[in-house]
Structure formats: C-alpha cells, structure tokens
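Me: Could you take me slowly through one part of this model, beginning with a single residue and its contacts? I would like each term explained as it comes up.

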Amino acid sequence: VDVLEALRGDPATRPVPDPAVVEAARAHLEAAAAAWVESVPDGVVVRITKDAVTGVRRCELRHVGELAMRADAATPPPSPALVRGRLLDAVFRQVATTGAVGADPVAAAVAAAAAEGDAASTTRLGLDELDPDDQRSVCDDVQTAARRLVADWPPLPPGSGLRIQERVLVRLAGGRVELSGRPDVTVGRPTRHRAGVLVVEAKSGGFRPAHLEELRFYVLLEALRWRVAPFRAVLWCLGDGRLEAVEVDADLVWSEALRVADAITRLTRLAAGEPPRPSANPLCPSCPLLAGCPDGARQVALAGGWSPGFDDGDEEADGDDEGAAA
Amino acid sequence: VSAGGAPVDPGAGARTRRLWEPPDPGHPERVALPLHLRPVAAALFDHLPEPPPAAAVEAAMVALAQGRDRLALERPVGGEILVDAYRARLVAGCRASVVGGGGDFAWTPATAARHLGLRAVALHHSGDEGGPQGRRAGRAVEQAVEVVLDEHVRDGGDRTPGPWLAALDGAGRAVARAQAQRWAEQAVAWLPLRLIDRGALRFLDDDWWPGGPRSGRSLVIHGRRDLTVAMGRRRVAITLAGGAATAEAVVIDALTALAATLCDRRGRLVRVVRVHPASGEVVATDVSPALLERGVAVVLATAAAVVAEGTGEAGAPSPGPGCRWCHHRDSCAAGGTWLRRPDRRSMGLPLPAPAAGPAPGPGLPAS
C-alpha cells in the first residue's frame, strides 16, 4: 500500500473552502445545544467525545449505566488491547515526528511516556500488569506494527504542518457544551483557495466500521475549528494493515453535524436530569444491564439469542477521555 | 529640501522612511488570508482604541501601592511577593491551591514547549534579517526548534528551560522537541505574521513591575506576552492559549494588561488578544481603566493568597472545575466531594474521582 498516495489523494480534486456549509453546521449544533442547556445545572459543562456520541445514540440507558458502573467500580487492570493501544500510540507519535524508532519500540514508547509525565509509565503503560503470555503477545504486536509504521509512514516535508494528537475543542452554548477530540495526526492547514487539512487516525487493532464514525467526528471538529473542512480523512489499521480513505465533501460534513446534533440533544437532556431512554439494538446481548431491561430482552429473543461476538467498547487508548488538563 | 531651499517633490527616486501602518480590511494581503486567520487579523488591526488615560494608570499604581501596604500591615511577612499568571490563575480558581508550593512554577514539557516553540518562531521569522544561523533556520520551523533547543541546553540561564532540558535524557529531549515543534506550528498556523512588519514584532515579552521597597517588602508583578505588535505608538499583545476560551482566562488578560501598562508607564498597550488554536477562538479585550482595575484586584487577591500560604494560613478551598487538575486532587476532601457529585459530571465527561474517597490532606480544611 502506498501510504503517501492514500494520504494525499488527488491534489487536483481537493475542494475549495466552503464556509457556508461549516457555518450552517455550527448553527445547527448551536440550536441542538440550546434546546436543553438551560436546564443543565450550573457548573456542569457537557463535554462530548466521539465515544459519548456513539454510546448515547446507541442506547441512552446503557450509556448512563456504564458511566455509573465505571464510577462505582475500582479501576480494572488494563486489558492487553488497551496496553497495546497505549504503546502503539506512543510509537506512532515518535515515528510520525522523527521517522524512526529505536531497536526496542516498547522501551522507546515507555521512555517517551515518562518524559511526558504520563503516570502509567511507571507500569510501562500497563504492560507490567499483564500476565507473561499477554506481555509477550503485546510486545510482538507492537514490534510488528512499529516495523510496519517505520517502513510505510512517509517522511513529510518541513512545513507540512504536522500535528500529533492535538486536542480540538469546540464550544457551544456559550461554553456549556464542548465537543472534544484528539485526532492522532493532522497535517496541513487551509489556504485561501483550497481545503488543506488531512486527518489521520491510527488504530492498533483491525478495521471496524465504527472507526469510520470516529473519523467523521474528527472531520467535523477540524471543520469547525478552521472554518474550512479537511479535504480527506484516513483510517490506518495497524493490526491488519488496512487503509481507508474518505474524501470529505459538504454532504459528509452536514450528515455528521446531524449525527452529532442528535447526540448533543440527548446528552444535554440527560445532563439536565431527564431519565435515559432505552433503545434496543444489536449489541443488547453484551449489555451489562440486559437482565433488567425488557426492551433488550425482547431484542435478544427476536434475534434468537444471537450475540455479536465482540464487545462494542473500543479499548484503544486515544486520549479523548482524559481530563481537560491533559 | 534641496540645496537651494526649494521644496523637492518626493517622487521617483526619493526614498522616504515612514512608520509602518496596519493594513486596512480591504488590503489585498488581508483579503487573501485563509478564513481562519481573518478573525485574528480583525482582532489585531481593527478599531484600535486610544490608550487608557494617564490618570487611570496612575490610579492603578496608587491602588496597588495601597493594597500592598495594607497587606503588609495585616500579615507581617518579609520578602518578595511574586504575582504571575500561573499563580493568579490558580488563585482565581481556588485560593487553597497554592498551598504546599502549588504556586511555584516548575518547567514541564508543556511549559517548556511554549517557550521553545515561540523562540523558534522568532528565529524562524527573523529569516533574512538574522545572522547566518537565523537565515538557515528561517527556512524551516523544524530547524529553528532544533537550534533553539541546542542553545538553551548550552547556555542555560535563569527563567529559561535550559537547565531543565540539560537534565533530560535523549528520549526526554525528543519529547520536548516534538512538543515545541507543535507550539511553533500553531504560532505559524494561527498568527497572520506576514501582515506584520518584522521590526514591529517582539516574542515572549516579559513585563516585571517591582513594587518598590516601601514597607520593607516588594510586590512583583510578572506578566508575559507571547507576541507584541507595535503599530505606531500603540501596542497589541497576543497570547496563544491552550484549550478553549474560558471565563477564568480573563484573569490573565487583566494581569497582562496591568503588568505591561505599569512597566511601560506610558500606557501604550491598547489591546490584549488571546488566540485559542484548539478551538479556533479569538478573544480581544481593549485595555481600559476598568480592565486595569480588574488587574489590580487580581494582583491583590493573588498576593493575599500567597502571603497567607507563607504564614501557614490555609485558605478555604473553593471546589470547581479546576479540581480536575489541581495537584491537591488526591488529598483535598472538598475537591474530592465536588468531583464525586454526580450532578457535576456531564454525561460525556471522564470519571474523575477514585472509587474510595480521598483522605483529607494536611493544611486543607474539609468543607
């Protein structure tokens, strides 16, 4: 796969900036935020991440229930997928910035995390908390992915405007609602004549359609921030090497604005104290609230007890849910 | 004037030197700006007000001196009281957060990145006017970051991240370089520097106002401007800020305006501009007598909190959003209670509190 080709696309077809569609998207999001925000208690800022958008639109009841369970439970030990994601995040940052990583990418990732003040570096980003078999497996995965990264990531020219995991915040309703995201890599900036920003999201595992929704969320954030939509968004799955490129046009920006506006309405309504509404969906079999949820039980019965076979939670560490001080 | 005393037409061949003027909104360069830079350009150039009157500057100085003396009478502690943006912001959120050295500045990758990144932009921007090193670095921000990093490690110096950088290993320096690079890229991407006369730019301006030795102590105000643009006799100060614009950041604007005005004594600073690249927000505040008064209030409140900390009197905690990243987060009972309150947590927020309630920390009264 020619990664540079996938990142660049066809420069001749890059869209010209269309501020009207971005302004319309912002106006629509503001209207969605205004609907319930007056009822949200003072001092509460509704911060909306990509996971919150996906979760609340799937089922409000499960979204709220899982948040409450996470609040009550002790912090669970990290899973191998989470540790792999953390390590690869650090490796990816290093490769994208310098084009190389040391002979031991795990050690390099831990050293970089320690220098950044990441508390998890004391346990080697959670690696020490895994059992020996999982440790070996994770280290092998990181080695393989690091080799792929170094071989395939194209060295970008100086002045390309490379930004690694830069937080993007969009305030709505006078700051009472915040859209927050941290795309892995963004490149370039808009010029007067054409869209110039590229969004790249790297995943340590294999491809899943839900990743494309995350990518579209980042596209919307970047569009609102620069007042011009990106020209392209690319998903790079290091687990299976799959590369998905999405051309950004006005339809994509607008449809994503509609999706996020729906999530804003739901999340502000919940923050205002309204009860969550259940929505039966194909992931009900893996829901921890299934036992007490008639809608979910009906869904499972209708599906013949079918289970999707994977958990919908994305355990890769992408930093979006970190505190605002990060 | 010609040798014979007759006026000379300043036409072809005549070289005139005139003060640089800001481009008007219809200037071709401004029209050609990318969309995201137009609000910054407007905040920099449009409708610049007159500086605050001398009487307002004088009133601010008198109010500060009186406040400092009052503080000295109430709490007789010797030594210098330093009020800087870091402490002011902490105190504006919660007076107790300065307890235990929380108000002491320490270099971190984040704070060093701002310093290095903006110095690198200055070097990058010096381009043709700098020395041989400046010319080389002017070609690429990456090279400028490298040069600045090396200079800091080699030269060190107070109030620079040099000594901190020198203590880092190779991996740590790579992180510092990458983050500085990000700051530099942000500055290049979000400041319409090509509209600004190079000679009118000053990066990372420090403003120190020593309060004077009256009553045996001094009150020192430290403000910092990332970039100052001089337009004739007027000045505009720009700060690049992280995250989104919040109400607390107004404290920094007031402190910057006050420090710059008092240092200068001539009141040439007419506007402070905050640019938030993460959110694309641009907040412009004109320097007015009211803003100077606000700055005086910020300085005195911060000084009172710092003095109280020095005498061992802990201020009552004021729990709020700042609790999420306060260094007393794990030991402050009031902050822990605030963080655990479910109605303070938005549905999209991370879960900030540990399962077990934190124990009250020393010196911080529970509320």
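Reply: R277(A) touches C59(A), E60(A), L61(A) and R269(A), leaving aside residues up to four places away in sequence, where a contact means heavy atoms within 4.5 Å. This is a predicted model, in which local features need pLDDT of at least 70 and side-chain atom pairs count only at pLDDT 80 or more, while totals for chains, interfaces and linings use all residues. Residues are numbered from 1 along each chain as its sequence is written, chains are lettered from A and ligands numbered from 1 in the order written, and side-chain values use heavy atoms, with hydrogens and water left out.

Within chain A, R277(A) sits in the loop that runs between α9 (250–271) and α10 (294–302); helices (H or I, at least four residues) and strands (E, at least two) are DSSP runs numbered from the N terminus. R225(A) is 52 residues away from R277(A) along the chain, and 32 Å separates their C-alpha atoms.

Turning to the interior, the largest nonpolar core has 48 residues, and the members that touch the most others are L191(B), I238(B) and V275(B). Such a core is a set of buried Ala, Val, Leu, Ile, Met, Phe, Trp, Tyr and Cys residues joined through side-chain atoms within 4.5 Å, buried being under 20% relative accessible area (1.4 Å probe, protein chains only). Among the elements of chain B that each supply at least two residues of this core are α9 (170–190), β4 (234–240) and β5 (269–276). Among the residues that L191(B) touches, beyond four places in sequence, are L37(B), Q186(B), I238(B) and V275(B). A second, separate core holds 44 residues, including A32(A), V37(A), L179(A) and A257(A).

Methods:
Buried < 20%, exposed > 50% of the residue type's maximum accessible area, 1.4 Å probe, protein only.
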